[in-house]
Amino acid sequence: MTRYLVVYFSRSGKTAMVAGMIAKLLDADIEEVKCEESYSGPVGWLKGLFSLVGGKKSRLTSSHEQPGKTTVILGMPVWGSNVPPPMRAYIESVDLSSARVCAFCTFDGSGDKRLFRRLEQLVPNLSQHRLGLAKPSQQDTRFQNSLKKWVQQITQQSPPASD
Ligand SMILES: Cc1cc2nc3c(=O)[nH]c(=O)nc-3n(C[C@H](O)[C@H](O)[C@H](O)COP(=O)(O)O)c2cc1C
């Protein structure tokens with residue numbers, strides 16, 4: 001049976017909401033990436049920005065299983081058109097080389113394409129299953145439909161055999 005694992009980082013809940021919906025659609029395991037730094041509130045927003053400028057490394061407080069031969073869906077917000085440091089730390093802490101890796105990001109205006117290019121450098125086996133979601137909202141049926149379609153595409157394309 002195919003195993004799906006959704007791994008996400010979320011500062012203010014939007015990516016978490018999408019990750020939960022994807023996990024439900026796929027009947028997947030779900031893991032939240034947490035780190036020592038608190039990025040909550042307006043101060044957290046600024047901290048996030050400074051973490052990008054300074055190239056600061058995140059120290060994770062969450063523990064994660066090694067994905068192995070599974071389908072991993074990485075979810076993150078766009079930070080300065082880039083991958084947020086906590087997700088970067090997660091990627092560096094696990095071996096994703098035998099997984100099929102898909103990714104989605106949430107954002108307000110732009111930067112999703114650049115984020116995926118950066119993510120490709122961190123995860124060379126990143127598949128073409130990538131989805132950028134601007135201002136996702138559960139009330140938006142267009143968003144719900146594009147999410148369902150994306151998940152369907154992931155399940156339809158043959159994944160690697162599970163462990
Ligand atoms: C430090 C920081 C940098 C951000 N940079 C961008 C950006 O470059 N482009 C953009 O459209 N949104 C940017 N955003 C907004 C978030 O990507 C967006 O609100 C996202 O959906 C939040 O997801 P979350 O609720 O899961 O944290 C930024 C937010 C933060 C905190």
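# A tour outward from strand β4

Begin by selecting helix α4 (residues 112-122), which lies across β4 and β5 and runs at about 150° to β4. Helices (H or I, at least four residues) and strands (E, at least two) are DSSP runs, numbered from the N terminus. Axes are lines fitted to C-alpha atoms, for helices over the stretch in contact, and angles run from 0 to 180 degrees between N-to-C directions; residues are in contact if their C-beta atoms, placed from the backbone, lie within 7 Å.

The model is predicted: local features need pLDDT of at least 70, side-chain atom pairs count only at pLDDT 80 or more, and totals for chains, interfaces and linings use all residues. Residues are numbered from 1 along each chain as its sequence is written.

**The sheet.** Next, display the five strands, which form an open sheet in the order β2-β1-β3-β4-β5 with parallel pairing; two strands pair if DSSP finds at least two bridges between them. Because β2 (29-32) and β5 (126-134) stand at the edges with a single partner strand each, one side of each is left without a neighbour in the sheet. From one strand to the next, the twist averages 20°.

**The partners of β4.** Select β3 and β4 together: these parallel strands are joined by seven bridges, and isoleucine 73 has cysteine 102 in β4 as its bridge partner. On moving to β5, six bridges pair this strand with β4, again in the parallel sense. Here threonine 106 stands opposite leucine 133 in β5.

**The faces of β4.** Now isolate β4 (100-107). Eight of its eight residues are buried, meaning that 20 or more other C-beta atoms, placed from the backbone, lie within 10 Å of a residue's own. One side carries Arg100, Cys102, Phe104 and Thr106, and the other Val101, Ala103, Cys105 and Phe107.

**The core.** Extend the selection to the largest nonpolar core, which has 34 residues. Such a core is a set of buried Ala, Val, Leu, Ile, Met, Phe, Trp, Tyr and Cys residues joined through C-beta atoms within 7 Å. β4 gives the most to this core, with six residues. Centre on leucine 74: leaving aside neighbours within four places in sequence, this residue is in contact with Val7, Met87, Val101 and Ala103.

**The ligand.** Finish with the 21 residues around the ligand (C-beta atom, placed from the backbone, within 6 Å). Ser10, Arg11, Thr15, Gly48 and Pro77 come nearest. α1 (14-26), α2 (41-53) and β4 each supply at least two residues of this shell.

Terms used. Two residues are in contact if their C-beta atoms, placed from the backbone, lie within 7 Å. A residue is buried if 20 or more other C-beta atoms lie within 10 Å of its own, exposed if 12 or fewer, and partly exposed in between; C-beta atoms are placed from the backbone.
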